[in-house]
Amino acid sequence: MLRRSQRLQSNGYYGSQEEPLISYKETLYRIFKRRRPRPVPDNIDQDTVEYNTDDRDTVDYNYDDFVDYSSDSSRGLFRAIKALGLLVLMLALCFGLIFSIGGLKIDFSTPFMSEYLMNGHEQVERQVQELQRELMDLRKRIDFLLPVRDRMPNFALEELGAKIVKEQSSASYLSEQAGLKLLGLTLIPAKPPCVSPRVVIQGRAPMVPGVCWSFAGSQGHLTIKLPHSIAISHVTLGHISKMVSPSGKVSSAPRMFSVFGKRALDDSGVHLGTFVYDENGEPLQTFRIPDDKVDVIRYVTLHVLNNWGSREYSCLYNFRVHGKLA
């Protein structure tokens, strides 16, 4: 006799012939493990045993109600749940390990840690010293490439406030060919010079032929008012080179010149030195003031004593005054 479920019998599942009135087949999927039935005593017939389905600890022993674990979908779902559980467990272990390490304190007073830190500090200090030496070498190379005048401030610069004192400077040169004369009478007057003495303190670079201040003859002077009182140390005189000169000569360039300094405009002035400009040298040439003649000045006078051959006029392209604020 087949076992019948009391629940199905009470609900009219079986007919008078004790056969199911409804016949269908469905595939069940169980997630949790199936429970084993309670053991039946030996003195009770297994065929007559009926299980109470109302009790949650008991299940129907009909094999048709159990899940078929042999299907691929059931095995895949079970494996996925198992992998998810392992992943959660591993994450929990990792977080616990991190928190446990974070709570630890490293003792730096141990001989091993002290030696390790000391070696690291010495290594970093050596690297810093090497970088400093390389930086000093690089600065020396840059200073070697740059001339002295480019590493000192120029106080005779119009943009900084320097001015030309025309009352104590030579007159600008006027070419006789600029006007028209007939029988000693001037029919067309000479034009004023197109370049003023201000070009000497404007710091133009590069120097262009003809863009200079010229005065008649081989001797002349130019007075400059500095923006501040300074302790003068160097002066720089500039003229175009033979290479860029249209005639290939620099006969109008100053040759021997003197520099005078004054604290006030009405002072007699102090002779700071006499120098010679080399026509075959660099366009800009710097000259050092002797230490025994270094003085605090506000006005500088450049006095050209002769030039390199021109009797008609002389030209000044650039003049710089270097030193420190007093």
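Among contacts in the protein between residues at least 6 apart in sequence, 72% join residues at least 24 apart. The model is a predicted one, and its 326 residues include 26% that count as buried. The accessible surface amounts to about 23700 Å², of which carbon and sulfur atoms supply 57%. Three helices and eleven strands make up the secondary structure. Their order from the N terminus is α-α-α-β-β-β-β-β-β-β-β-β-β-β.

The interior may be considered next. In soluble globular proteins, nonpolar side chains tend to be buried together. Here the largest nonpolar core has 39 residues, and Ile224, Leu316 and Phe319 are those with the most contacts inside it. The elements that give two or more residues to this core are strands S4 (213-216), S5 (220-238), S6 (254-262), S7 (270-276), S8 (284-288), S9 (296-307), S10 (313-316) and S11 (318-325). The most is given by S5, with seven residues. Not counting residues up to four places away in sequence, isoleucine 224 touches Ala156, Ala162, Lys163, Ile164, Ile201, Arg298, Tyr299, Val300 and Phe319.

Threonine 223 is likewise placed in strand S5. Its relative accessible area is 1%, under the 20% limit, and threonine 223 therefore counts as buried. Beyond four places in sequence, threonine 223 touches Lys163, Ile164, Val165, Gln168, Ser169, Val300 and Thr301.

Strand S4 contains serine 214. With a relative accessible area of 16%, serine 214 is buried. The C-alpha atom of serine 214 is separated by 6.3 Å from that of leucine 316, although the two residues are 102 apart along the chain. Outside the range of four places in sequence, serine 214 touches Ala171, Ser172, Tyr173, Tyr313, Ser314 and Cys315.

In strand S11 lies histidine 322. This histidine counts as buried, because its relative accessibility is 0% and thus under 20%. The side chain of histidine 322 reaches the backbone oxygen of proline 153 at 3.0 Å. Proline 153 also appears among the residues in contact with histidine 322 when neighbours within four places in sequence are left aside; the others are Arg149, Met152, Asn154, Ile230, Ala231, Ile232, Ser233, His234, Val235 and Thr236.

Charged pairs form a further part of the picture. Side chains of opposite charge can pair when their charged atoms come close. The structure holds four salt bridges. In one of them, the side chains of lysine 242 and glutamate 279 meet at 3.8 Å, N to O. Lysine 242 lies in the loop between S5 and S6 and glutamate 279 in the loop between S7 and S8, so this salt bridge ties together parts that are 37 residues apart in sequence. Both partners are partly exposed: lysine 242 has a relative accessibility of 30%, and glutamate 279 has a relative accessible area of 21%.

Another salt bridge joins arginine 263 to aspartate 295, with the closest N and O atoms 3.1 Å apart. This pair also links distant parts of the chain, since arginine 263 is in the loop between S6 and S7 and aspartate 295 in the loop between S8 and S9, 32 residues apart. Arginine 263 is exposed at a relative accessible area of 52%, whereas aspartate 295 is partly exposed at 24%.

A salt bridge is also formed by aspartate 291 and arginine 288, whose closest N and O atoms are 3.2 Å apart. Aspartate 291 counts as exposed at 58% relative accessibility. Arginine 288 is exposed as well, with a relative accessible area of 52%.

The surface also carries nonpolar side chains. Leu84, Leu87, Val88 and Leu91 form a nonpolar patch there, and their accessible area together is about 380 Å². One of these residues, leucine 91, lies in helix H2 (residues 72-102). Leucine 91 has a relative accessible area of 44%, a value between the 20% and 50% limits, and so counts as partly exposed.

Note on methods:
Residues are numbered from 1 along each chain as its sequence is written. This is a predicted model: local features need pLDDT of at least 70, side-chain atom pairs count only at pLDDT 80 or more; totals for chains, interfaces and linings use all residues. Side-chain values use heavy atoms; hydrogens and water are left out. Patches are made of residues with over 30% relative accessible area and no salt bridge: like charges are joined within 9 Å, nonpolar side chains (Val, Leu, Ile, Met, Phe, Trp, Tyr) within 5 Å. Accessible areas come from the Shrake-Rupley method with a 1.4 Å probe; for residues, only the protein chains shown count as cover. Helices (H or I, at least four residues) and strands (E, at least two) are DSSP runs, numbered from the N terminus. Buried means under 20% relative accessible area, exposed over 50%, partly exposed in between (1.4 Å probe, protein chains only). A nonpolar core is a set of buried Ala, Val, Leu, Ile, Met, Phe, Trp, Tyr and Cys residues joined through side-chain atoms within 4.5 Å. Contact means heavy atoms within 4.5 Å. A polar contact is a pair of N or O atoms within 3.5 Å; within protein, one must be able to donate a hydrogen and the other to accept it, and residues adjacent in sequence count only if both atoms are side-chain atoms.
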